[in-house]
Amino acid sequence: LPSYGSSTVRGQAISNAFFWAIDRSQDATFFHDWFSRGGQGAGAEYRYVAGPQSRGNVRLYRFARQESTYTDNGTTNTLPASTSFEMTGTASQALGRTTRAHLRLEYFTDIITQQLYHQDLYQATRRNRTIESGLNTVRGPLAASALFQRHETFSSATHSLVYGGTPRLTANLAPQRLGRTPVYGSISTEYAYLPYRSIEDGEVKLDKSLNRADATPTLRVPLSRLTYLSVNSSASYRTTFYSKSFDATGRVVPESFLRQYLALRTEVVGPVFTRIWDTPDSGFAERLKHVIEPTFAVDYTTNFESATRTPLLSDSSDFVVAGASRYTYGLNNRFFYRGRTVDEVRGQTREFITIGLQQTYYSNRQSSQYDTGYSSASTSRSQVDLSPIALNGRVAPNSSIDGTVRAEYDVSG
């Protein structure tokens, strides 16, 4: 049905839409908007479901804005005539059994039109636009992906920052046992072109974009075979090539830089304490299980030459503090239930509540600003010895309900 509205910027508005059920697995909607002050807009939205792992939703909208004036807080503003486009959507397509393609669009050509004419609060306040497409494939222990990801964030109507990976290519080998030894080996490789441009009025004012190639072989050794205690140690040697680097003043210069360092990690889970209850009178489950897991991990990164030359842009994996250790300790509580047996079919076991606490101590305070394990980590924060105490919770009583919560308490004030 047509809808009517009125606002200071748009004037009187009449909107209409036509829905077309193409068949059982696809449909489309065509819509038109008329604004007495703003102009006219038209667009279409297409939705499809081609299979369990193949579906998509794509929307295209064109708005022809006419020159108009409006008054806001006693000030008269004039909007020039313009034509803008908005494209949004997501799609996931299975290509055979082991390959999948995906697409994500959140793009607009005019941020002023986006924020003034949208009635949707999320769209009207959005200042980021994204184009992302990718291809993932798995062949036994090998996994490869190709990703194009362009993000642009506006700080004003005329200034924006472009970043992402255009493209980002990865190839990984999953851990493989080396002969009859208890040692497992794996390797991760990546090539990426990392754009990082500051744009003002459509012109590039600062360009720090660079190429990066990365390879990280890893050896892992499980040190415990006890069912209630898990101890794993690993050593990774990371080599990263940058086509540009930082000079002594922190400016990007066209001089390549090779960074190499060894990362050591030991992780202990346990001793694990478990208690099981039979609940024959419960209609919810026939058995409950509570697991308490103490955790402790030590990470150490060796020193590497010219650490200050590393070009730090937007990728968190580049933020590495040389010659530093981290000690992370925590406690996890896991609750499981086994559904009741129906028609001699055993019920499914499900982890339905998870509660975890953790904190990290840093031998080098600078590490606290780059620890991606905590959402509050930032270069704008003071350097501290102790991270916040992080609380993670998850509730999933069935396959239809799944909720998570995270909170951090800053012990440093």
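**Salt bridges, a pocket, a patch and some backbone exceptions**

The side chains of Glu86 and Arg126 form a salt bridge, with 3.9 Å from N to O. Glu86 belongs to strand β8, and Arg126 sits in the loop between α2 (121-125) and β10 (128-139), so this contact ties together parts that are 40 residues apart in sequence. Before I go on: this is a predicted model.

Are these two residues buried or exposed? Glu86 has a relative accessible area of 6%, so Glu86 is buried. Arg126 is at 5% relative accessibility and therefore counts as buried. The cut-off behind that word is under 20% relative accessible area.

How many salt bridges does a search of the whole structure find? The search finds 25. I will show two others and then a network.

Take Glu286 and Arg338. They form a salt bridge, and their closest N and O atoms are 3.0 Å apart. This pair links distant parts of the chain, with Glu286 in the loop between β21 and β22 and Arg338 in strand β23, 52 residues apart. Glu286 counts as buried because its relative accessibility is 17%. Arg338, at 14%, counts as buried.

Next, Arg334 with Glu293. Here the closest N and O atoms of the salt bridge are 3.0 Å apart. Arg334 is in strand β23 and Glu293 is in strand β22, so to speak of distant parts of the chain, the pair links positions 41 residues apart. Arg334 is partly exposed at 22% relative accessibility, whereas Glu293 is buried at 15%.

Then there is the network. Arg168, Glu190, Arg212 and Asp318 are joined into one network by salt bridges that share partners.

Now to the second largest pocket. The space in this pocket is about 480 Å³. Which residues come closest to its centre? They are Asp33, Arg59, Tyr61, Tyr117 and His118, out of 22 residues that line the pocket.

The lining draws on several elements. At least two lining residues come from each of β3 (26-35), β5 (54-65), β8 (82-94) and α1 (111-117). Strand β8 gives the largest share, four residues. We met β8 earlier as the strand that holds Glu86. Sorted by class, the lining has nine polar, seven nonpolar and six charged residues.

From the pocket we go to the surface. A nonpolar patch is formed there by Ile355, Leu357, Ile389, Leu391, Tyr409 and Val411, and together they have about 500 Å² of accessible area. Which elements give two or more residues to the patch? These are β24 (349-362) and β25 (389-398). Val411 is found in the segment after β26 (401-409). With a relative accessible area of 35%, Val411 is partly exposed.

The last part is about the backbone. In general, most peptide bonds are trans, and most residues other than glycine have a negative phi. I have four exceptions to show.

Two of them are cis peptide bonds. One joins Thr166 and Pro167, with omega about 10°. Pro167 is located in strand β12 (residues 159-177). The other runs from Gly270 to Pro271, and its omega is near 0°. Pro271 is in the loop between β20 (257-269) and β21 (273-278).

The other two are positive phi values. Asp201 is not a glycine, yet its phi is positive, near 55°. You will find Asp201 in the loop between β14 (196-200) and β15 (203-207). Is Asp201 buried or exposed? Its relative accessibility is 56%, so Asp201 counts as exposed.

Ser306 is not a glycine either, and its phi is positive at about 55°. Ser306 is placed in the loop between β22 (287-301) and β23 (324-338). Those are the strands that hold Glu293 and Arg334. Ser306 counts as partly exposed because its relative accessibility is 37%.

To recap with the structure in view: start at Glu86 and Arg126, move to the network of Arg168, Glu190, Arg212 and Asp318, then look at the pocket around Asp33, Arg59, Tyr61, Tyr117 and His118. After that, find the patch that includes Tyr409 and Val411, and end at the cis bonds before Pro167 and Pro271. That is the tour.

Terms used:
Residues numbered from 1 in each chain as written. Predicted model: local features only at pLDDT ≥ 70, side-chain atom pairs only at ≥ 80, totals over all residues. Heavy atoms only, no water. Buried < 20%, exposed > 50% of the residue type's maximum accessible area, 1.4 Å probe, protein only. 1 Å grid on protein atoms, 1.4 Å probe; cavity = no way out; pocket = protein on both sides within 12 Å on 5 of 7 lines; lining within 4 Å. Points joined across faces, edges and corners; volume = space filled by probe spheres on them. Nonpolar A, V, L, I, M, F, W, Y, C, P; charged D, E, K, R; others polar. Patch = residues over 30% accessible without salt bridge, like charges linked within 9 Å, V, L, I, M, F, W, Y side chains within 5 Å. Areas by Shrake-Rupley, 256 points an atom, 1.4 Å probe, with all protein chains shown as cover. Salt bridge = Lys/Arg side-chain N within 4 Å of Asp/Glu carboxyl O.
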